[in-house]
Amino acid sequence: MKGQLSKKVEAPVPASDLWDVYGTLELVRLIKELLPEILHDVGVDVGDGGVGTVLKITLAPGSPVAYYKEKFIEVDQEKRIKVVDVVEGGYLEAGFSLYRTTFEIIEKGDHSSVISTIDYELDDASADNAALVSIKPLEIVAETLVKYLKEKKIDHANV
């Protein structure tokens, strides 16, 4: 069974500001700081935020998945696209053979948008586990980061 979920969040901030977060390890630092109810802990096993970086993500208690490791398989600075695959734990233990998240930052003048997409595959015996897949946490992350960047921009303008 294959599936895909996608969500677009409009952002009244420049694409370059969003990419400075999504295209780097700053993303996980800010999620941990701003949304501790989603992300309990994160550790960098390997890498500096580029292709090949492996993170161990521990989700907050009560999450349907306790932990997983993800690997950055594409970080395209020009197109502002980051692709991350789960490589251990979590979704793979629940019967998924693929759990991939793609973040794309689209420029629209002084504004931009974040498109978050989850692609997944699971074996037929685990088809009921498709219910574990939710785009909502990525939507909350995008909305929180947009608000953070917007407030940061206002704070700098008032200095």
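Okay, let's start with the pocket: the largest one in this structure holds about 590 Å³ of space. Keep in mind that this is a predicted model. So which residues sit closest to the centre of that pocket? Out of 25 lining residues, they are I38, L59, Y68, P137 and L138. If you're looking for the elements that supply two or more lining residues, go to α2 (26-34), β3 (54-59), β4 (67-76), β5 (81-89), β6 (96-108) and α4 (136-157). And what's the lining made of? It has 19 nonpolar residues, plus three polar and three charged ones.

Now, the sheet. You've got seven strands in an open sheet, paired antiparallel, and the order goes β1-β7-β6-β5-β4-β3-β2. Which strands are at the edges? Those are β1 (2-11) and β2 (39-46), and each has a single partner strand, so one side of each has no neighbour in the sheet. On average, neighbouring strands are turned by 20 degrees against each other, if you ignore direction.

Let's zoom in on that β2 edge. β2 runs antiparallel to β3, and six bridges join the two. Here, L39 stands opposite L59 in β3. And L59, remember, is one of the residues closest to the pocket centre.

Last thing, the helices on the sheet. α2 packs there too, touching β2, β3 and β6, and its direction makes about 160 degrees with that of β2. Then there's α1, residues 15-22, which lies across β1, β4, β5, β6 and β7 (111-122). Its angle to β6 is about 150 degrees.

That's my tour, thanks!

Key. Residues are numbered from 1 along each chain as its sequence is written. This is a predicted model: local features need pLDDT of at least 70, side-chain atom pairs count only at pLDDT 80 or more; totals for chains, interfaces and linings use all residues. Side-chain values use heavy atoms; hydrogens and water are left out. On a 1 Å grid over the protein atoms alone, a cavity is a set of points where a 1.4 Å probe fits but cannot get out, and a pocket is an open set with protein on both sides within 12 Å along at least five of seven lines; lining residues have an atom within 4 Å of a point. Grid points are joined across faces, edges and corners, and a volume is the space filled by probe spheres set on the points. Helices (H or I, at least four residues) and strands (E, at least two) are DSSP runs, numbered from the N terminus. Ala, Val, Leu, Ile, Met, Phe, Trp, Tyr, Cys and Pro count as nonpolar, Asp, Glu, Lys and Arg as charged, and the others, Gly among them, as polar. Two strands pair if DSSP finds at least two bridges between them. Axes are lines fitted to C-alpha atoms, for helices over the stretch in contact, and angles run from 0 to 180 degrees between N-to-C directions. Contact means heavy atoms within 4.5 Å.
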